[in-house]
Structures are given as structure tokens and as C-alpha cells.
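Work through these exercises with the structure open beside you. Try each task before reading its solution.

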Amino acid sequence: MANYPPDITASEGARLTEVTKDWALAHGLTVRPPPAVIAAEADPQSILATAVPVTLFPSPFPKVCFEQGIAVQKAYNELYASISQDEEFLARMVQEIGDSDDFITELWKVHLRVKEEGYVQHKSLGLFRSDYMVHQDATGSEPQIKQVEFNTIASSFGGLSSQTSQLHKYLSSTEYSLLEKSIPRDSLNLPPNNSAAGLASGIREAFISYGAPSTGHSKCVIFLVQDGERNVFDQKHLEYSLQSSTDPVIPVFRLPFSEIQQHTRLAEGAGRQLLYTPPQLPAHTFEVAVIYMRSGYGPGDYPDARAWEARYHLERSAAIKCPSVLTQIAGTKKVQQVLATPETPSNPSILGRYLSISSSSVSALASTFTNIYPLDTSEAGLKARQIATDPELCKGYVLKPQREGGGNNIYRAAIPPFLKTVPEAHWPSYILMELITPPPVHNTILRNGKLEQGGVICELGIYGTCVWDRQTKRISHNEQVGYLLRTKGDQSEEGGVAAGYGCMDSCALV
């Protein structure tokens with residue numbers, strides 16, 4: 001595979017561009033066009049879609065690393081389901097992040113308000129994604145995966161990822177064998193990818209677990225979305241997969257986060273069932289069994305006190321949340337740092353506290369950690385501060401806030417000047433993470449109709465679904481469900497596809 005992906009001629013590039021673009025549009029491998037492509041006023045009715053940025057070839061990815069990620073996902077699901085039930089630990093994490101992160105503080109306040117009156121729903125749904133990069137210390141050393149982050153809210157691209165795998169399978173059976181540097185049919189090892197159906201099956205499990213409705217209304221699932229969501233088709237693939245269920249039938253509705261209180265209310269009585277009346281179907285009311293959040297993960301979704309009241313309104317309801325506030329807090333970078341900070345006699349690993357599995361499984365999970373340090377005044381934190389403020393040492397690190405979504409990280413030499421702009425009292429809300437060194441890969445990216453060729457960096461995401469009960473401490477559903485490969489030019493530091501840096505990809509295992 002040394003010469004894979006192959007170099008292509010200009011005419012082959014034009015042919016693959018046309019075939020890829022049309023396949024993507026025909027199969028919903030699409031997003032709403034960004035303003036840079038189509039001005040918003042040119043599409044006032046939102047009738048346009050454009051092919052997502054995608055690689056022309058599935059990127060080579062070490063089989064041993066892919067299998068490592070698949071093997072530990074169920075342990076990761078159990079780990080984060082357990083952490084989300086440890087209120088004392090999460091309270092400490094929130095306290096350590098401190099007042100320097102108002103967003104996390106406000107989330108915690110929502111939990112405390114609901115706790116005071118008593119939770120009516122003890123079940124939770126996690127649609128998780130653990131993101132990794134391949135790390136290779138030196139030429140010839142065995143590659144292994146190292147975790148970049150663990151997502152507990154709005155783990156996106158499951159819908160587009162399974163479509164990307166299908167696209168590359170199609171191209172490998174119809175186009176690659178016709179190239180000058182031909183790739184024989186069926187010669188690529190393309191793993192199956194059921195991410196859309198798998199994530200939908202997790203929502204279905206929670207829908208069933210909710211039990212029978214008690215208000216005389218039919219049950220439904222709500223996708224809680226952002227206004228003007230461009231990545232709508234990724235979500236639609238999950239919706240369509242859910243709605244293909246006939247036993248049970250699962251009605252699905254999309255509700256913008258900003259309209260929660262307009263269209264939902266709590267039923268009278270102690271049950272606090274969440275009732276939803278679709279604005280376009282005012283004669284119908286549904287009892288909400290599951291809320292799947294594709295919004296609410298950052299401060300931008302909470303512009304005022306009303307938005308926080310809306311989140312509290314959902315959290316105190318009987319609907320099963322994906323995620324609950326506690327699960328969302330479990331996904332902060334601070335928790336990842338505490339799990340991954342190198343063990344010392346004064347700082348033993350806490351993994352054993354949360355996992356029921358064998359010690360070999362615990363060490364398999366721990367082997368995916370890269371070194372992550374707090375930026376507080378602990379022993380590890382003082383060491384990290386030394387690194388972060390040193391113009392040379394900082395070049396092997398990335399500084400991360402407690403935020404989801406792309407565009408928030410500070411890399412390498414930009415760290416010391418950035419920290420000078422942040423009051424030292426706020427430094428503990430950041431973590432310092434050792435950069436992962438991926439092996440060189442090259443590929444061709446099709447973005448907005450144009451080809452970009454060159455070195456790329458790949459990030460593997462492994463999806464998991466989990467349903468658990470905080471009251472009984474029982475996990476009733478735990479599955480690994482497909483994968484995501486996101487690829488970016490090696491000049492770009494961020495990998496968010498919807499944010500415009502990266503692109504969709506799939507794995508050719510080597």
C-alpha cells in the first residue's frame with residue numbers, strides 16, 4: 001500500500017469529481033451550503049444542498065489501531081455511564097474548573113435545582129463518540145491509537161459517516177479499477193459501517209425503555225436542534241432509520257432549542273411527563289419519551305436566562321435525556337484530564353472505581369490515553385504551567401477549554417501569548433494535552449467542487465450507545481455502533497467538518 005492512494009491525472013480527477021458529487025447528492029451525503037458558497041439571501045426557503053467535503057479515496061488506516069478502538073468502546077460506554085452517576089466526583093470537577101467557566105457552572109446549577117425537587121426520570125441515554133488519532137513514536141514502532149476526546153453530547157456525523165463508507169465502496173467497485181494506476185476491485189479492506197442505524201437503535205432502546213405513555217397521548221422522540229442547522233442531513237439519516245421501525249412505530253419531531261417552552265409543557269401531577277404539540281399539527285399532542293440533543297452543548301445556545309430555564313424545564317421532565325446534564329458534565333475535558341493524567345503514588349488511577357471489567361480490559365482502555373495535565377496549582381498542574389509558558393516546550397502541546405465543537409483549541413507556539421491574555425485565576429478551566437504524532441498520509445479532498453491534494457491527518461471516531469438507570473445502577477444496553485473518519489489537510493489544526501476545516505473519509509485498513 002506504499003503507493004496508495006494513487007496519484008491521479010487531471011482528467012481522472014475531473015471524472016471522479018463528477019461521479020462523487022452526483023453520488024453524494026443522490027444519497028444525502030450533503031449539507032446546506034455555507035454562506036461562502038451560496039449567500040443566505042439567495043436561498044431564503046432553504047431548498048439547496050451541496051455535497052459534503054469528502055476524500056476521493058478511503059484513507060489508509062492501520063488495522064491494529066482500528067481494532068483497538070472498536071475493542072475498548074463498550075468499556076468506554078460503561079466508564080462514562082458510571083462517571084455520570086458519581087455526583088460527588090462531578091461536583092469536585094465543577095469546583096476545580098471554578099468560576100472561570102460560567103457555562104459549566106450554569107449546567108451544574110440546573111442539576112442542583114432538579115435534585116432539590118427530586119428527579120422523576122432516572123434513566124439516561126448516551127450516544128457517545130470516542131475520537132482518536134494514530135500515534136507513532138518513531139519510524140518502525142508499532143502504531144497505536146491515542147484518544148483526542150470523548151463526546152457525550154451531540155456526537156455528530158453518524159449519518160454522513162455510513163454514507164461516506166457506502167460512497168467509497170461504490171467507487172472501489174466501479175471507478176478505481178479504471179484508473180491509470182489501477183486498484184483492482186475488492187482489493188481494499190473496507191470495514192462495514194452501520195453508524196446511522198446503530199445510533200438510531202440506541203434511541204429506539206431508550207424509547208422502549210421509557211415504558212408505556214401515561215397521559216393518553218402517543219409517545220414520540222424529539223431531536224433538539226439549533227436554528228439554521230446546516231448539518232441537517234446527517235441528523236435526517238438517523239431520523240429516517242428510526243422511523244423505519246414498525247414495532248414499535250416511533251414518531252420523530254425536530255424542535256429548535258430556542259422554541260422549547262413555546263411548544264412543550266409538563267403534564268399536571270407528580271409525573272412531570274413532557275408533552276409536545278407540533279406547531280404545524282396543533283390537533284396532535286405527544287408524550288416525549290426521548291430527547292436527543294443536537295444542540296445545547298455550548299454557550300451560544302444559551303443567550304439568556306430564558307434558555308437556561310428551557311434546559312431546566314427539560315431536565316426536570318420525565319423524558320429520557322440524551323444527554324442528561326450530569327452526562328454532559330462527565331464529557332468535559334477536565335474529566336478526561338483526571339482520567340488520563342499520568343499515575344503517580346500521590347495520584348493513583350481512578351479507572352478501577354468505575355469499571356466492572358477485567359484488569360486487562362482496564363489497561364487496554366488506559367493504553368489509549370495520551371498525557372493530559374491540569375493547569376491548576378497541583379504538582380501536575382505546576383509542571384503543565386511550566387510547559388505551557390515556555391516558548392520551546394509548548395510546541396509539543398495543545399491547550400483546550402471545556403468546550404465541544406471545533407475552533408476552540410490553542411496550538412503549540414500560540415499557547416504562551418494566549419495565556420498572557422487569560423487571568424491566571426482562570427487557567428484551571430483549561431487542560432494541556434500532549435500532541436499526538438500521526439504517520440504521514442496523503443489523499444485528495446473534494447471540497448465545493450474543487451480538488452485539494454496533499455498531506456492529510458486522519459481522526460477516527462468510534463460510536464457507542466448506552467442506556468442506564470441511576471437508581472438501580474444497571475446498564476441495560478451497551479453497544480459499539482460504527483465509526484467515523486474525519487480527515488483534514490495537515491496544515492489545519494482543527495477537524496470539525498461542519499466548521500469547514502476537515503472532510504468526511506472512511507478507512508481502508510492496512
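**Exercise 1. Classify V249 and locate it.**

Solution. The model is a predicted one.
Step 1. V249 has a relative accessibility of 59%. The cut-off for exposed is over 50%. V249 therefore counts as exposed.
Step 2. Find its place in the chain. V249 sits in the loop between α7 (232-243) and β8 (252-256).
Step 3. Relate it to L446. V249 and L446 are 197 residues apart in sequence. Their C-alpha atoms are 38 Å apart in space.

**Exercise 2. Decide whether N231 is buried or exposed, and list what it touches.**

Solution.
Step 1. N231 belongs to the loop between β7 (218-225) and α7.
Step 2. Its relative accessible area is 4%. Buried means under 20%, so N231 is buried.
Step 3. Set aside neighbours within four places in sequence. N231 is then in contact with V31, S156, F157, L160 and R294.

**Exercise 3. Check the length of helix α2 against its residue count, then look for a bend.**

Solution.
Step 1. Helix α2 covers residues 63-83, which is 21 residues.
Step 2. At 1.5 Å a residue, the expected span is 30 Å. This uses 1.5 Å times one less than the number of residues.
Step 3. The end C-alpha atoms of α2 are 30 Å apart, so the two values agree.
Step 4. Now look along the helix. α2 has a kink of about 40°, centred on Q73.
Step 5. Check the cover. In α2, 15 of the 21 residues are buried, so the helix is mostly covered.

**Exercise 4. Explain why helix α11 is described as largely enclosed.**

Solution.
Step 1. Helix α11 runs over residues 333-340 and has 8 residues.
Step 2. The buried residues of α11 are K333, K334, V335, Q336, Q337, L339 and A340.
Step 3. That makes 7 of the 8, so the rest of the structure largely encloses α11.

**Exercise 5. Characterise the ring pair Y80 and F150.**

Solution.
Step 1. Start with the whole structure. A search finds 17 aromatic pairs.
Step 2. Take Y80 and F150. Their ring centres are 3.9 Å apart and their planes meet at 5°. Planes under 30 degrees apart count as stacked, so this pair is stacked.
Step 3. Place the partners. Y80 is in helix α2, and F150 is in strand β6 (residues 144-151). The pair therefore ties together parts that are 70 residues apart in sequence.
Step 4. Check burial. Y80 is buried, at 1% relative accessible area. F150 is buried too, at 2%.
Step 5. Widen the view. One aromatic cluster is formed by Y76, Y80, F128, F150 and W468.

**Exercise 6. Which rings have R113 and R470 over them?**

Solution.
Step 1. The charged end of R113 sits over the ring of Y312, 3.6 Å from the ring centre.
Step 2. R470 lies over the face of Y119, at 5.0 Å from the ring centre.

**Exercise 7. Trace the strand pairing from β6 through to β20.**

Solution. Strands of a sheet pair through backbone hydrogen bonds, either parallel or antiparallel.
Step 1. β6 and β5 run antiparallel, joined by 7 bridges. V134 stands opposite I145 in β6.
Step 2. Strand β5 (residues 123-135) has 12 of its 13 residues buried.
Step 3. β5 also joins β18 through 10 bridges, again antiparallel. G126 has C466 in β18 as its bridge partner.
Step 4. Strand β18 (residues 450-469) pairs with strand β19 (residues 474-489) over 13 antiparallel bridges. I457 is partnered by K488 in β19.
Step 5. β18 and β19 form a hairpin with 4 residues between them. In the turn, K473 has a positive phi of about 65°.
Step 6. β19 pairs with strand β20 (residues 503-505) over 3 bridges, in the antiparallel sense. L485 stands opposite D505 in β20.

**Exercise 8. Find the edge strands of the sheet that contains β13, β14, β15 and β16.**

Solution.
Step 1. Write the order: β13-β16-β14-β15, an open sheet of 4 strands with antiparallel pairing.
Step 2. β13 (372-374) and β15 (410-411) each have a single partner strand and stand at the edges, so one side of each lacks a neighbour in the sheet.
Step 3. Check one pairing. Strand β14 (residues 397-400) and β15 are joined by 2 bridges. L399 stands opposite I410 in β15.

Definitions and conventions:
Residues are numbered from 1 along each chain as its sequence is written. This is a predicted model: local features need pLDDT of at least 70, side-chain atom pairs count only at pLDDT 80 or more; totals for chains, interfaces and linings use all residues. Side-chain values use heavy atoms; hydrogens and water are left out. Buried means under 20% relative accessible area, exposed over 50%, partly exposed in between (1.4 Å probe, protein chains only). The bend at a residue is the angle between axes fitted to the seven residues ending there and the seven starting there. Contact means heavy atoms within 4.5 Å. Rings of Phe, Tyr and Trp (its six-membered ring) pair if their centres lie within 6.5 Å; planes under 30 degrees apart count as stacked, over 60 as edge-to-face and the rest as tilted. A charge sits over a ring if NZ of Lys or CZ of Arg is within 6 Å of the ring centre and within 35 degrees of the ring normal. Two strands pair if DSSP finds at least two bridges between them.
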